[in-house]
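Subject: Structure handover

Hello,

Here is the structure I promised to pass on. Please open it alongside this email, and the notes below will walk you through it.

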Amino acid sequence: DWFGTVNVVAHATDSDREIVSPVRPASIVWPGNQNLSAAARLAAELALAVQGQAAFRVDAGIGEVTIPQSTQLVVPTKLTRYGDFAAAVDVVGAQLPPKVASDTVKFENATAEAAVHLFVPPDAPLGKYSCYLQASAQVPFTKNADGSDKKPLAVIDASTPLTLNITPTPLVLAAKVPDKGTVKRGETLQVEVQLDRRNEFAGPARAELRLPAQITGVTVAPVDVPADGKSATLAIATAADATVGNHASVVVRATIEIDGQSFEIHQPIPLNITE
């Protein structure tokens with residue numbers, strides 16, 4: 001346990017000359033959202049306090065990644081619990097680049113690992129961005145030294161950092177999904193996929209469907225699109241015991257190759273399986 005002020009110092013080398021400069025801290029006044037930037041102000045000092053045991057820790061399984069526009073990023077996420085903490089924890093992407101969207105994953109008391117999905121749309125601004133996964137939970141807390149009279153306290157914490165380097169996309173997908181993706185068990189949903197080629201990409205592609213692990217009883221044969229091809233039709237066949245529900249994080253995936261390197265381009269689609 002410790003509390004006090006911390007000094008941050010920046011070092012650089014210019015023509016074999018070392019430059020040392022103190023760093024002025026700043027405080028986030030308002031965290032912002034996907035439409036408005038965060039608000040901050042300079043502070044006189046940087047305070048730090050370390051006390052007690054955290055209830056949980058969230059680790060993003062990816063540190064830094066280069067990702068083209070029109071791509072869904074699957075972030076493997078690990079939740080470590082400490083002590084007797086067993087409440088549910090909601091995890092969602094935070095301080096994301098403009099227009100980048102995230103789903104929310106709930107870690108129940110027995111869940112240790114799951115995936116958070118981030119979608120980088122075709123018009124996401126290019127550049128390098130630092131972000132993280134935000135975890136929120138109700139944590140039992142008390143000021144009593146003997147640990148008695150604990151009450152739920154809303155706690156928000158950040159994961160290990162995540163850096164996204166967004167690059168131009170060679171391909172944009174547009175999916176025509178009938179009936180808003182609703183299909184009965186035992187039936188087939190025909191999804192037409194349009195390929196909008198960009199940045200001089202003219203090679204072949206393979207179109208298929210990527211499903212979250214919890215969806216079973218769904219089969220989709222991949223479709224090979226020839227060079228300069230502009231469309232493909234995916235037949236989403238559901239078995240009699242397919243997982244019922246309005247499913248999120250379902251994407252059409254096009255796999256392409258540029259200069260010997262493989263890329264995946266994605267487009268989320270709705271999928272609602274009914275009885």
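**Two loops with a positive phi**

Asp228 sits in the loop that links β22 (223–225) to β23 (231–238). Before going further, please note that this is a predicted model. The phi of Asp228 is positive, about 70°, although Asp228 is not a glycine. Most residues other than glycine have a negative phi. Is Asp228 buried or exposed? Its relative accessibility is 51%, and exposed means over 50%, so Asp228 counts as exposed.

Ser15 is another case. Its phi is near 55°, again a positive value in a residue other than glycine. Look for Ser15 in the loop between β2 (9–14) and β3 (17–22). Ser15 has 68% relative accessibility and therefore counts as exposed.

**A buried loop residue**

Now turn to Thr169. This residue lies in the loop between β16 (162–167) and β17 (171–176). Its relative accessibility is 1%, and buried means under 20%, so Thr169 counts as buried. What lies 3.2 Å from a polar atom of the Thr169 side chain? It is the backbone oxygen of Gln69.

**The three-stranded sheet**

One open sheet has three strands, in the order β18-β27-β24. Its pairing is mixed. Why is one side of β18 and of β24 left without a neighbour in the sheet? β18 (182–184) and β24 (245–247) stand at the edges, and each has a single partner strand, so one side of each stays free of a neighbour there. From one strand to the next, the twist averages 20°.

β18 and β27 (residues 271–274) run parallel, joined by three bridges. Within that pair, Lys184 stands opposite Thr274 of β27.

At the other edge, strand β24 contains His247. With 14% relative accessibility, His247 falls under the 20% limit and so counts as buried. His247 and Leu211 are 36 residues apart in sequence. In space, their C-alpha atoms are 9.2 Å apart.

**The four-stranded sheet**

Another open sheet has four strands, in the order β7-β9-β13-β11. Here the pairing is antiparallel. Which strands form the edges? They are β7 (56–60) and β11 (101–102), and each pairs on one side only. Five bridges connect β7 with β9 (residues 71–81), in the antiparallel sense. Across this pair, Asp59 faces Lys78, standing opposite it in β9.

**A strand with little cover**

How many of the five residues of β4 (residues 26–30) are buried? The count is zero, and the strand is hardly covered. β4 does have a pairing: four bridges link it to β5 (residues 39–42) in the antiparallel sense. In that pairing, Ser27 stands opposite Arg41 of β5.

**The two largest pockets**

The largest pocket has a volume of about 680 Å³. It is lined by 19 residues. Closest to its centre are Gln53, Ala55, Val139, Pro140 and Phe141. β14 (127–141) and β15 (151–158) each supply at least two residues of this lining. Which strand gives the most? That is β15, with four residues. By class, the lining of the largest pocket has eleven nonpolar, five polar and three charged residues.

The second largest pocket has a volume of about 320 Å³. Its lining has 17 residues. Gly32, Asn33, Gln34, Gln95 and Leu96 lie nearest the centre. β10 (89–94) and β14 each supply at least two of the lining residues. β10 gives the most here, with three. The lining of the second largest pocket divides into eight nonpolar and nine polar residues, with no charged ones.

β14 is worth a second look when you have both pockets on screen. This strand supplies at least two residues to the lining of the largest pocket, and at least two to that of the second largest.

**Where to start**

For a quick tour, begin with the exposed loop residues Asp228 and Ser15. Then go to the buried Thr169 and the buried His247. Finish with the two pockets, at about 680 Å³ and about 320 Å³.

Best wishes

Terms used: Residues are numbered from 1 along each chain as its sequence is written. This is a predicted model: local features need pLDDT of at least 70, side-chain atom pairs count only at pLDDT 80 or more; totals for chains, interfaces and linings use all residues. Side-chain values use heavy atoms; hydrogens and water are left out. Two strands pair if DSSP finds at least two bridges between them. Axes are lines fitted to C-alpha atoms, for helices over the stretch in contact, and angles run from 0 to 180 degrees between N-to-C directions. On a 1 Å grid over the protein atoms alone, a cavity is a set of points where a 1.4 Å probe fits but cannot get out, and a pocket is an open set with protein on both sides within 12 Å along at least five of seven lines; lining residues have an atom within 4 Å of a point. Grid points are joined across faces, edges and corners, and a volume is the space filled by probe spheres set on the points. Ala, Val, Leu, Ile, Met, Phe, Trp, Tyr, Cys and Pro count as nonpolar, Asp, Glu, Lys and Arg as charged, and the others, Gly among them, as polar. Buried means under 20% relative accessible area, exposed over 50%, partly exposed in between (1.4 Å probe, protein chains only). A polar contact is a pair of N or O atoms within 3.5 Å; within protein, one must be able to donate a hydrogen and the other to accept it, and residues adjacent in sequence count only if both atoms are side-chain atoms.
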